[in-house]
Amino acid sequence: MKNSIFIGNVFFKSWLRSRSGLFFSLIFPVLLLVIFGSIFSNPQNITFSLYVQNKDVGNDGKASQLSSIFIDSLNKSGVFKISILPNDVDALNFARSQGGIFEQRRIIVIPKGFNDFVINSTEKAQLEQGINQIQILLNSPYLNETQKEMLSNFLNYMKDRLKQIKIENVSLEIYISKADPAYEQLISILNNFISEFGSSTTGNGVNIPIQEKEIGIRALSASDYYVPSYIAFTIMSNALFGLTGVISDLRRRGIFKRVIATPLRKYEWIFGIFFSQLILIFLSTVIMVAVGYFAFKVMLVTNPINVFVAIFAMILGTLCFTFIGVVIGTIFKQPDTAATLGSVIGFPLMFLSGVFFPIELMPIYLQIVAAFSPLYYLAVTLRESMIQGVFILTPISISILALLSIAFLIASLYLTKWTAE
Amino acid sequence: MKVVEAESLTKKYGKIIAIDNVSFHVDKGEIFGYLGPNGSGKTTTVEILECLRKPDAGNAKVLGYDLKEANEIKKRIGVMPQNFAAFDLLTVEENVALIAKIYKKTKEDVKRVLDLLNLWEVRKRKYEELSGGTQRRVGIAMALVNDPEIVFLDEPTVGLDPEIRRTVWQVIVKLKEVGKTVFLTTHYIEEAERLCDRVGIIVKGKIVAIDSPRNLVNSLNLKYVVRVKKDPKVLSIIREEAEVIEENGYFSIKTDNRLIARKIAYELEMNGFEEIELKTPNLEDVFLKMIGAKITEAGELA
């Protein structure tokens, strides 16, 4: 037993002195808790951008009463950030023209006749309910003949009225892409909201039909969405989780010293590391695309411009993250410390860059953090070029990635000491 | 011809003076030993000559090039750093070819050096699978593949067991035979004495002596010692002029003359004495006399 305690003590000490051990055992779980806690435990803080187009207006251009109440309710719910889409805009074309910006591709269209539909449906529901109740009363043994006659007359009146009600079937149209990372959440919330609106506004369980419209130029699945995300993640993880420790280890073991004793130039060394990362990325991309195609029927946009932009983004992303990896691996001489710092930076980026979760599911302060993440811009560009086929955020994302690459190249050239100092 | 000329090299790390006003030269074709305990400034000196560190004061020329012409020097030298390691998962051939590629050398150059160091048979084996001695030979092969005029070997045998160490010594001797100049740092006195044409002894950043091992021994008038178990008969046997000292039940008979020492040992043997030890003064005695301490196997002063 004493030996077991001694062995346990030795392992505990080793763990305590291992920075990566400490990170993954103590800091990483807390990090996950904070991120996922922020995302999932404060749903009241989540807001979804949503366009509303109200076609239920009179000749004077004034919105019908119930359509106004509906929009007002959407606004007051706190779940949606509403923008109004003018009536003369074609919703489908508008949604498609917004390309990669999912937030601007969600539109709910209130159809012409929405007000009448709800009022008539409510009256119909009330009449049907009244007719049922009167029919039950007519069979009652406690009513005399006079009372029964009065009720029969009223019943006939109600039936006549019911026949007169003409309900023109309309439905709320929701334009959304299934590739939208918030698709599941948004559809569920909208269904609940519309159902609640139908019940609370009319006092009856009026079912307001919903028609979902896929706006994708191609029908996209979750797998389509995740292929570019995984490629972006791989580019980051190779550099931050792997390269940092490798570079530090080369220094610690003296291999770096052997290399710098040759006429090799500093930039040749750094770009050599970049080329190795790039080969790795292209290999893993080919594998991921092949698995996606054969196992999940993932279809990527294959026109030459999109392929070129995707490859260009991969190269830029690899440049940027390789240089970050070189900087970290150069600063810290202990591989353990370098790898830990890579994890400390990499894991938050992984969750905060819209790679696995849409960033709008996060509180606003985390969304601000995402705006500083190179992974966010890489993932957006790959998504637009590989699956959406349109370039909305791509120009700005590419520019930011290029600037970051240059900044980290300068940092890596400056920090990599080409001496044994 | 001098291939290395160091003049008053000084290097400080903060307040610690690593090397202090160090001057020496290395002649073409010789094995120059740089002998000293751990922390004496050996690696700092060699790294300055390899253009991996800048001296705070002084200057040096390597193959006629000033240290400021680092690229010219790097093109012409071979280096095996202290605690050498290569890429574990690359083969012997791939590791050597990596350095060859940097120097724009050919596959034939790789083959030549692998042959020279008897590594051709193991060229397809991964570096991590090799024994310690073979790994050092790979390090020397990487240092030689650019056909350098001078090879810097920084503690090439440290950590190896004595048998494997000797195989590395054979390689170093071979380098001299093929015309290379070798700058060898070591804390093994025996290694310096056996391999080096000249030895520079460095302690606490200062060079205390430079010469051939034999000249260093001779310069200090160190004595030959015949050691035998204490016995009154010994004194009657010794007819030559010698100093006799009693130490822990033994007589140590000391003389300046090697022939006299041999004669005393012979006469003792003829008179039936056993376990006679004849000790020739060596570099270790030089070190002991100059520094007042020995260097342990681990490289520390004791």
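Visitor: Let me start with two residues of chain A: are Phe256(A) and Trp269(A) buried or exposed?

Guide: Good place to begin! Please keep in mind that this is a predicted model. In it, Phe256(A) is buried, and Trp269(A) is buried as well.

Visitor: How are the rings of Phe256(A) and Trp269(A) placed, and what kind of pair is this?

Guide: The general idea comes in two numbers: a pair of aromatic rings is described by the distance of the centres and the angle of the planes. Here the centres of the Phe256(A) and Trp269(A) rings lie 5.6 Å apart with the planes at 65 degrees, so this pair is edge-to-face. The pair links distant parts of the chain, with Phe256(A) in helix H9 (residues 255-260) of chain A and Trp269(A) in helix H10 (residues 266-296) of chain A, 13 residues apart.

Visitor: What else sits over the ring of Phe256(A)?

Guide: Look for Arg251(A): its charged end sits over that ring, 5.1 Å from the centre. Chain B offers another case, where the charged end of Arg123(B) sits 3.9 Å from the centre of the Trp120(B) ring, over that ring.

Visitor: How many aromatic pairs does a search of the whole structure find?

Guide: The search gives 25 over all chains. Ring pairs also build a cluster from Phe70(A), Phe80(A), Phe114(A), Phe193(A) and Phe197(A).

Visitor: I would like to practise on Phe271(A) and Phe323(A). Why is their pair called edge-to-face?

Guide: Their planes stand at 80 degrees and their centres are 5.8 Å apart, so the pair counts as edge-to-face, the cut-off for that class being planes over 60 degrees apart. Phe271(A) belongs to helix H10 of chain A and Phe323(A) to helix H11 of chain A, 52 residues apart. As for exposure, Phe271(A) is partly exposed at a relative accessible area of 26%, while Phe323(A) is buried at 1%.

Visitor: Now for helices. At what angle do H11 and H12 of chain A pack?

Guide: In general, two packed helices are described by the angle between their axes and the distance between the axes. For helix H11 (residues 304-331) and helix H12 (residues 335-352) of chain A, the angle is about 145 degrees and the axes are 9 Å apart. The crossing of H11(A) past H12(A) is right-handed.

Visitor: Which residues meet there?

Guide: From H11(A) come Phe321(A), Ile328(A) and Gly329(A); they meet Ala338(A), Leu341(A), Gly342(A), Ile345(A) and Leu349(A) of H12(A). Sorted by class, this contact has six nonpolar residues, two polar ones and no charged ones.

Definitions and conventions:
Residues numbered from 1 in each chain as written. Chains lettered and ligands numbered in written order. Predicted model: local features only at pLDDT ≥ 70, side-chain atom pairs only at ≥ 80, totals over all residues. Heavy atoms only, no water. Axes fitted to C-alpha atoms, helices over the stretch in contact; angles between N-to-C directions. Helix = DSSP H or I, 4+ residues; strand = E, 2+ residues; numbered from the N terminus. Left-handed = near helix turned anticlockwise from the far one by under 90°. Contact = heavy atoms within 4.5 Å. Nonpolar A, V, L, I, M, F, W, Y, C, P; charged D, E, K, R; others polar. Phe/Tyr/Trp six-rings, centres within 6.5 Å; stacked < 30°, edge-to-face > 60°. Buried < 20%, exposed > 50% of the residue type's maximum accessible area, 1.4 Å probe, protein only. Lys NZ or Arg CZ within 6 Å of the ring centre and 35° of its normal.
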